[in-house]
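Trainee: I would like a close look at a single part of this model, and I hope you can walk me through it at an easy pace.

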Amino acid sequence: MKQRKQIGKTGTVFWKQAGDRAVSLLFPRVCPLCGRILPPVQNTLLTSGDNPYICRDCYRELHFPEEPLCFLCSRPIRDETEAYCRNCAMTVHYFDQGKALLMHDEAAKKILYDLKYHNRRDNARMLAFEAAKRLQEWIGQIKPDVIIPVPLHRKRQLERGYNQAQLLAGRLSEILASEKIFIPVDSRFLVRVRKTSAQKQLQSAQRIENIKGAFEISYREDPGKYKNRTILLVDDIYTTGTTISECAKVLKETGAGKVFFLTFSIG
Ligand SMILES: [Zn+2]
Ligand SMILES: [Zn+2]
């Protein structure tokens, strides 16, 4: 039974990729940084190496966190004798560990800002491809049962039309599935019940206050659904970790086992 389910999923991936190829002939993809038209995608396997969703010149503009990294949040640290960054050393985080794809520099800012506010939803594919390529091994080690995107408040999602974290989570799950790693996305379990002011403008203490009580388990869901399960939270940006930590806290209150995170940049 299990096997049949997996074949079904692989089939879906096949048709999805065939569909994607057809669409790319009609609407050519453009590089998320310079806007140049990219050649049609031939091979979407991670092992093919190059990221087909960004041009080669712009790929060199991307900066990835380099060792030594904080053991908890994967932010680069200066002193390799330290295990944690300053933020993690001083704060109680409810997540177990996490990884970030990019350093939050100008290139990452543009790609994520366009994804969030300029309807450049295709940017999610480029980011998810790179994350799957670079973090596949880690994902294999932590073995998440489910991917949960950090939710937006319903009103905000209606205004924007989509939740960028949900798009990223969906693309990631899709690309991993093409590598035969099947992790479903659940974007209904965790909900944001309070609209919060933008975390960006707030100091650390205010951020914690601002986010408190912002998330809940949906009343439509069985709260014991992920008891002792491993959850991978997905969000676009990690700054001080307050949002991710608050989500992890709410999930752990329901009995979730380990809660990890993957974000697409770290600032
Ligand atoms: Zn480019
Ligand atoms: Zn850290």
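What is the strand order of the open sheet of 4 strands, and which kind of pairing does it have?

Mentor: Happy to go through it with you. Keep in mind that this is a predicted model. The open sheet runs in the order β1-β6-β5-β2, and its pairing is parallel. Let us begin at the borders. The edge positions belong to β1, residues 97–103, and β2, residues 146–149. Each of these two has a single partner strand, so one of its sides is left without a neighbour in the sheet. As for the twist, neighbouring strands are turned against each other by 25° on average, direction ignored.

Now take one pair from that order. β1 pairs with β6, residues 259–266, in the parallel sense, and 6 bridges link the two. If you want a place to put your cursor, try Gly98: its bridge partner in β6 is Phe261.

Next, see what lies against the strands. Helix α5, spanning residues 123–142, lies across β1, β5 (231–238) and β6. Its direction is at about 155° to β6. Helix α9 packs on the sheet too, touching β2, β5 and β6. The direction of α9 makes about 160° with that of β5. Both helices therefore touch β5 and β6, while β1 is listed for α5 and β2 for α9.

From α9 we can step outwards to another helix. Helix α8 (residues 204–211) packs with α9 (residues 242–253) at an angle of about 35°, and their axes are 10 Å apart. The crossing of α8 and α9 is right-handed. On the α8 side the contact is made by Arg207, Ile208 and Ile211, and on the α9 side by Thr242, Thr243 and Glu246. By character, the residues of this contact divide into 2 nonpolar, 2 polar and 2 charged.

Two side notes may help as you look around. For the cysteines, a search of the whole structure finds 0 disulfides. Cys31 has a relative accessible area of 1%, under the 20% cut-off, so Cys31 counts as buried. Cys85 is buried as well, because its 3% also falls under 20%.

The other note concerns Arg154, which sits in helix α6, residues 154–160. With a relative accessibility of 61%, over the 50% limit, Arg154 counts as exposed. Arg154 and Arg192 are 38 residues apart along the chain, and their C-alpha atoms are separated by 7.4 Å.

Methods: Residues numbered from 1 in each chain as written. Chains lettered and ligands numbered in written order. Predicted model: local features only at pLDDT ≥ 70, side-chain atom pairs only at ≥ 80, totals over all residues. Heavy atoms only, no water. Axes fitted to C-alpha atoms, helices over the stretch in contact; angles between N-to-C directions. Left-handed = near helix turned anticlockwise from the far one by under 90°. Contact = heavy atoms within 4.5 Å. Nonpolar A, V, L, I, M, F, W, Y, C, P; charged D, E, K, R; others polar. Disulfide = S-S within 2.5 Å. Buried < 20%, exposed > 50% of the residue type's maximum accessible area, 1.4 Å probe, protein only. Pairing = 2+ DSSP bridges.
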